[in-house]
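Here's a quick look around a protein model, written for someone who'd rather be at the bench. Have the sequence and the 3D view open as you read.

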Number of protein chains: 2
Amino acid sequence: MSASSHVQTVLARADADFDAALQRLFALLRIKSISADPAFAADCRAAADHLAADIASIGFDAEVRPTAGHPAIVAKAKTNTGNRPHALFYGHYDVQPVDPVELWHRPPFEPVIADHADGRKIIVARGAQDDKGQLSTFVEACRAWNDATGELPIDLTIVIEGEEEVGSKNFVPFLDAHKKDLAADFALVCDTGMWDRHTPAITTSLRGLVYEEVKIKAANRDLHSGVYGGGAQNPIRVLTRILGGLHDEHGRITIPGFYDGVKDLPPEILAQWKGLNLTAENFLGPIGLSIPAGEDDRLLIEQLISRPTCDINGIVGGYTGEGSKTVIAAEASAKVSFRIVEGQDPNRIRDAFRAYVTARLPGDCRAEFLDHSNGAAIALPWDMKPLAAARRALTEEWGRDAVLIGSGASIPIVADFKRTLGLDSVLIGFGLDDDNIHSPNEKYDLNSFQKGIRSWVRILGALAEAPR
Amino acid sequence: MSASSHVQTVLARADADFDAALQRLFALLRIKSISADPAFAADCRAAADHLAADIASIGFDAEVRPTAGHPAIVAKAKTNTGNRPHALFYGHYDVQPVDPVELWHRPPFEPVIADHADGRKIIVARGAQDDKGQLSTFVEACRAWNDATGELPIDLTIVIEGEEEVGSKNFVPFLDAHKKDLAADFALVCDTGMWDRHTPAITTSLRGLVYEEVKIKAANRDLHSGVYGGGAQNPIRVLTRILGGLHDEHGRITIPGFYDGVKDLPPEILAQWKGLNLTAENFLGPIGLSIPAGEDDRLLIEQLISRPTCDINGIVGGYTGEGSKTVIAAEASAKVSFRIVEGQDPNRIRDAFRAYVTARLPGDCRAEFLDHSNGAAIALPWDMKPLAAARRALTEEWGRDAVLIGSGASIPIVADFKRTLGLDSVLIGFGLDDDNIHSPNEKYDLNSFQKGIRSWVRILGALAEAPR
């Protein structure tokens with residue numbers, strides 16, 4: 001029998017087992033695997049052990065392997081054949097800290113099913129979505145396949161790390177050291193969201209990030225503006241003048257060469273995005289805004305996803321306390337970041353920004369720069385074969401076309417998979433904008449969890465029949 | 001005998017008494033009359049009592065009078081006749097706090113004579129210059145006149161307050177309440193400086209100050225730049241764009257109407273100022289700068305004294321800690337001040353600034369303003385008669401032409417004298433730029449103290465012969 005002929009059986013199995021799946025998720029959510037706080041190192045280890053044991057019970061050889069930080073899990077399906085499509089699944093078992101804990105309505109590590117104000121059932125706990133709930137949708141789909149058919153329909157390796165929330169700095173060397181064990185045809189990542197609660201999405205592009213800090217210095221000390229005002233250069237004046245010129249009146253970024261290499265969307269994607277009807281009213285209204293602030297000849301959705309941006313994330317200089325002080329500061333600084341897109345080289349963007357600032361410095365002023373981040377954008381091939389299969393499967397499950405969407409934010413692991421393992425990633429997740437990830441009262445819709453499991457059941461079936 | 005024929009006698013008396021004058025100054029400096037700290041209220045009262053008793057001993061009816069805060073001293077010369085020129089002398093006995101006290105080389109209230117690195121003798125203590133040393137030059141000159149001739153050469157009222165360092169807020173109502181007692185022809189104020197240690201100066205203009213705080217608000221909360229970047233308005237971008245346009249490429253302020261009413265200097269004053277040869281090297285070099293930053297068609301001395309300015313004194317918004325945060329802030333704010341000159345109306349300047357900002361606000365942004373200060377410039381008549389007499393006397397004492405100079409900073413009491421008592425003020429003082437007033441290790445040159453006394457001896461003599 002072909003994999004697709006099994007899908008209905010496996011879906012029935014997943015549905016029958018859903019209450020138990022929920023209990024398994026709750027058991028995982030009770031483990032306080034906060035990676036940022038060394039006090040929870042044993043909990044992180046416990047989460048890894050717990051997950052590895054569970055995965056081992058559904059047809060995998062699973063091991064907890066050490067890294068320089070919290071351990072990672074590597075699991076290979078016992079039914080791997082070497083001549084089927086081979087996917088590397090990625091998730092993370094670590095969670096964000098729970099502060100401010102007093103804003104939680106319930107203890108963050110005592111998961112419950114609650115009623116959302118609008119009637120939805122939600123799972124509430126730290127990690128309910130990010131990423132314990134999400135990774136569990138995949139693990140439960142594997143279980144259903146294994147339980148119903150005695151095997152996984154494609155070759156599978158699962159890797160789950162424990163330091164995503166603290167920057168994965170030990171996981172990237174781990175990837176490098178385990179290249180052979182992690183070899184696959186493509187990666188599957190479950191750490192993203194849906195377009196809305198009715199519309200599934202595959203994230204096919206991620207903006208990169210160039211994050212610079214610039215400090216302008218003038219006099220060798222703070223000055224009294226009564227004595228020196230008018231005669232002495234003021235670094236805040238210089239900084240505002242330079243930063244204030246970064247955008248033109250059409251919202252375009254004025255740094256020479258900034259848009260070099262930026263491509264327009266393929267017409268079919270642009271048409272799809274137009275169809276999503278992302279309006280200023282819907283998207284900006286809830287945050288108190290009404291007017292898209294980006295390039296005025298672009299759709300709001302392009303401004304947010306496919307166009308590069310420049311934001312000043314922080315600025316400080318001089319006296320900022322209560323009342324007034326007649327000071328001319330010796331220095332002023334700003335944090336400036338660029339969300340960059342496919343075709344833009346982060347090093348060239350950083351250099352162009354620095355050159356832009358330096359060229360506009362008046363005499364007597366110096367600029368110092370600090371590189372806080374420098375990551376390229378990721379664009380997955382729109383025509384990648386597993387993506388078409390996954391899209392078909394999602395559309396079947398949700399009864400709506402799955403949209404191919406970009407994310408305005410960065411997920412660095414995707415670039416790491418490409419660089420270390422040579423893998424493109426298919427990013428599919430069931431998170432919603434109101435999940436409060438990284439915040440108090442994190443939740444995951446019960447529907448996201450259940451239909452997430454069913455989605456992966458279908459995706460695994462579809463991938464089994466996709467051309468490699 | 002005319003007053004001028006007494007001057008040499010009085011000078012000789014002042015010189016002979018100088019060591020005693022120094023001891024009297026030291027006694028005053030030992031009193032910890034810090035007005036800002038309620039713990040020193042009794043010391044302030046003690047300083048007032050001490051000074052009043054001393055002034056009473058040199059031919060004055062002196063009283064300590066209550067205010068709503070620390071008391072003030074009012075003293076009238078017993079020899080007032082009602083038909084001679086009548087001067088109201090002003091000084092203040094209160095001093096700044098001494099923090100950070102660990103930076104003082106000696107206890108701040110144990111005055112000593114020390115050797116400056118370049119060989120000058122200096123008096124070191126809190127208040128050595130500001131204003132106990134300065135006011136004592138006048139009191140000692142009165143003593144010398146009284147001791148040598150048995151009278152003061154002009155009619156004199158002395159008023160000394162105890163809250164100058166905390167804004168004189170109780171002294172202004174005191175002036176209003178004692179108008180009759182304080183009636184005079186003009187005021188003498190000893191709280192300013194010399195041009196340099198060889199060149200005496202009379203301060204004839206003071207810039208006013210309009211100090212605004214502006215806050216730009218956009219979204220109703222902080223946003224993640226990965227999700228909203230490009231689409232959501234960023235208040236720091238708006239603020240830098242608006243503030244960055246306040247000056248044009250020639251250093252001119254671009255607010256419409258800003259320069260309305262600003263007059264050029266009288267040619268003779270401009271010629272005198274040119275002769276002072278205030279170079280960028282001399283003035284800006286010590287603070288690490290080399291290029292005057294104001295209007296590029298003006299002399300540096302004009303930029304500092306007679307031209308209005310705009311300085312951004314502080315700016316803050318978004319994330320300003322270590323590292324990076326991809327935030328779009330909900331608001332950003334800046335403190336912006338204008339040093340204004342004769343002919344500019346502070347209310348019109350404030351309104352013009354607010355209109356400038358408001359006109360440049362993009363949709364979705366709001367601006368809030370806070371008025372921190374709003375004081376007009378003071379310009380004394382260049383041809384005021386006591387001023388010519390004082391200038392002649394200073395030139396005789398120092399062997400150099402006394403310069404008529406403006407101050408870039410504000411001395412609010414001068415406007416208060418004009419408004420409450422109708423008096424123009426002649427501002428003469430012997431401070432130097434390196435006196436560290438308001439800072440640790442405040443000092444007063446011994447030469448400033450001695451020749452300051454001698455200067456007032458001569459000025460009183462010259463005023464006695466000046467036309468009223």
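What follows covers a small sheet, an annotated span and a buried helix.

This is a predicted model: local features need pLDDT of at least 70, side-chain atom pairs count only at pLDDT 80 or more, and totals for chains, interfaces and linings use all residues. Residues are numbered from 1 along each chain as its sequence is written, chains are lettered from A and ligands numbered from 1 in the order written, and side-chain values use heavy atoms, with hydrogens and water left out.

Start in chain A, where β4, β5 and β18 make an open, antiparallel sheet in the order β4-β5-β18. Strands here are DSSP runs of E, at least two residues, and helices are runs of H or I, at least four, numbered from the N terminus; two strands pair if DSSP finds at least two bridges between them. β5 and β18 of chain A are joined by three bridges, and A:I123 sits opposite A:Y444 in β18(A).

| Strand (chain A) | Residues | Place in sheet |
|---|---|---|
| β4 | 112–115 | edge, pairs on one side only |
| β18 | 443–445 | edge, pairs on one side only |

UniProt, in an unreviewed entry, lists residues 214–364 of chain A as "domain: Peptidase M20 dimerisation"; such annotations may be inferred rather than shown by experiment, and positions use the numbering here, with feature names shortened. That span is 31% helix and 19% strand, with its end C-alpha atoms 16 Å apart.

Over in chain B, helix α7 (residues 235–243) is largely enclosed by the rest of the structure, because eight of its nine residues are buried. Buried means under 20% relative accessible area, exposed over 50%, partly exposed in between (1.4 Å probe, protein chains only). Among the buried ones are B:I236, B:V238 and B:L239.
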